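Let's walk through a protein model together, one question at a time. Keep the picture open while you read.

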Amino acid sequence: MPENTKVFTYEAEGLAYTVTVYEEAGAFYADITVGEGAMDVNAIYFGDEDFSGSSESLKGPLNMNGASLDGEKVQWDAATELSRPGLGPEGEDKETYLQTGDTMTVELDATSLDDISIFGIRATSTTTEEGSIKAVSGDPQEPEEPEEPTYEKVFFGEEFSDTGFPLSGAYILDEEPDPNPYNNLALPEGTEPTFENYLSFYLSDEVGGDPAALESVVFYGTDPDGNPQELFRLDAPEGGFEDADDVLAAYDEALMDMAETSGEDLMAALSLEDDGSAEIDADSDPEVEDIDLA
C-alpha cells in the first residue's frame with residue numbers, strides 16, 4: 001500500500017465496499033473494491049472538510065441530491081461520471097459493474113490528499129434493497145507508516161573467518177558506553193539507530209567506511225536474557241556492493257523477504273532469523289578496539 005493513503009468504507013444491507021485513495025508519482029487514484037454484493041458505479045464524488053461554497057453535481061440520474069453526512073448536507077468539490085445507469089448488452093461484463101472481490105481504479109482530479117476527506121458513490125444495479133445508492137463515506141482511516149527497525153549494534157564486516165566469525169571491519173553501537181575504555185564507535189547522541197543512520201555514520205569521515213569493501217553486514221539485538229544476539233546478516237552480492245544505495249536496496253529487499261517468510265511483524269521476523277552464530281559483546285571483544293578504519 002502506498003505511504004500516502006486514505007481508506008473509506010461503506011456498508012449497507014447487501015453491499016459493502018472500500019475506497020482506497022492514494023498518491024502515486026504525483027497523481028491521485030481511488031481503488032474501489034467490493035467486499036460484499038455488487039454495484040454498477042456510475043459516478044464518484046469527493047470533497048474536503050470545508051462545506052462552504054457551491055457544490056459540484058452531475059445531472060439526471062447521476063446526481064447526489066439529498067446525500068448527507070451525519071445529517072449535514074455535503075458540498076462536493078468534484079464529480080466524475082464513469083458510466084450511464086443500466087447494465088445494457090454488456091450485462092455483468094460492464095466495466096463499471098463490480099461484484100464481490102472486484103476492484104476498479106479511477107484517477108482523481110485532485111492536487112492533494114487533503115482535498116479528499118469525504119467520498120461519494122452514485123451506483124445503480126446494486127444488491128441493496130433499493131437497487132441503487134447515493135453513498136457518502138467520511139472519517140477515512142489513514143494507515144500508519146510501519147516503524148523502521150532499530151538495532152543495538154551493527155557490524156560492517158570487511159573480513160570473516162572460515163566459520164563466519166567477524167575479523168575486521170567497524171562495529172558501531174547505538175549509544176556510546178560510559179565508560180568507554182575501548183573507544184568503541186557509536187552513533188552520534190540522539191541519532192535513531194536505524195540501518196540508514198548506521199550506514200551514513202559508517203560512510204562518514206569519522207569512520208571512513210567503503211561499501212565496496214563490505215563482505216557482510218551483521219545486525220545485533222538482545223535476547224530475552226539480556227545477552228547480545230545476532231539477528232541476521234546481509235551478505236554482499238558477487239562482485240560486492242557498488243555504493244550506499246546498493247547496500248540500502250539489498251537491505252530493503254532482505255526485510256521484505258523476511259516479513260513475507262515469517263508472516264508476522266518485522267521485528268518478530270528479525271528475532272526468528274537468529275542462527276546462533278557469532279554472539280559478540282562489543283565491550284569484551286578485542287576486535288572492537290582494533291578496528292581498521294582505513
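Q: How many salt bridges does a search of the whole structure find?

A: First, a heads-up: this is a predicted model, where local features need pLDDT of at least 70, side-chain atom pairs count only at pLDDT 80 or more, and totals for chains, interfaces and linings use all residues. Residues are numbered from 1 along each chain as its sequence is written, and side-chain values use heavy atoms, with hydrogens and water left out. A salt bridge here is a side-chain nitrogen of Lys or Arg within 4 Å of a carboxyl oxygen of Asp or Glu. Searching the whole structure with that rule, the number of salt bridges is three.

Q: How many residues apart in sequence are the parts tied together by Asp-40 and Lys-94?

A: The side chains of Asp-40 and Lys-94 meet in a salt bridge, 2.7 Å from N to O. Asp-40 sits in strand β4 and Lys-94 in the loop between β7 and β8, so the pair ties together parts whose separation in sequence is 54 residues. (Strands are DSSP runs of E, at least two residues, numbered from the N terminus.)

Q: Is Glu-230, the partner of Arg-233 in a salt bridge, buried or exposed?

A: Arg-233 and Glu-230 bring their side chains together at 2.8 Å, N to O. Buried means under 20% relative accessible area, exposed means over 50%, and partly exposed is in between (1.4 Å probe, protein chains only). Arg-233 has 25%, so it's partly exposed. Glu-230 has just 1%, so the word for Glu-230 is buried.

Q: Which residue in β10 stands opposite Ile-44?

A: Two strands pair if DSSP finds at least two bridges between them. Seven bridges join β4 to β10, and the two run antiparallel. Opposite Ile-44 in β10 you'll find Ile-121.

Q: Why is strand β4 described as largely enclosed by the rest of the structure?

A: Strand β4 covers residues 38–47. It also has antiparallel partners in β8, with three bridges, and in β7, with four bridges. It counts as largely enclosed because its buried residues number 10 of the 10.

Q: Which side chain does Thr-124 join in a polar contact of 2.7 Å?

A: Thr-124 lies in strand β10, and at 12% relative accessible area it is buried. A polar contact is a pair of N or O atoms within 3.5 Å; within protein, one must be able to donate a hydrogen and the other to accept it, and residues adjacent in sequence count only if both atoms are side-chain atoms. For Thr-124, the side chain at the other end is that of Asn-42.
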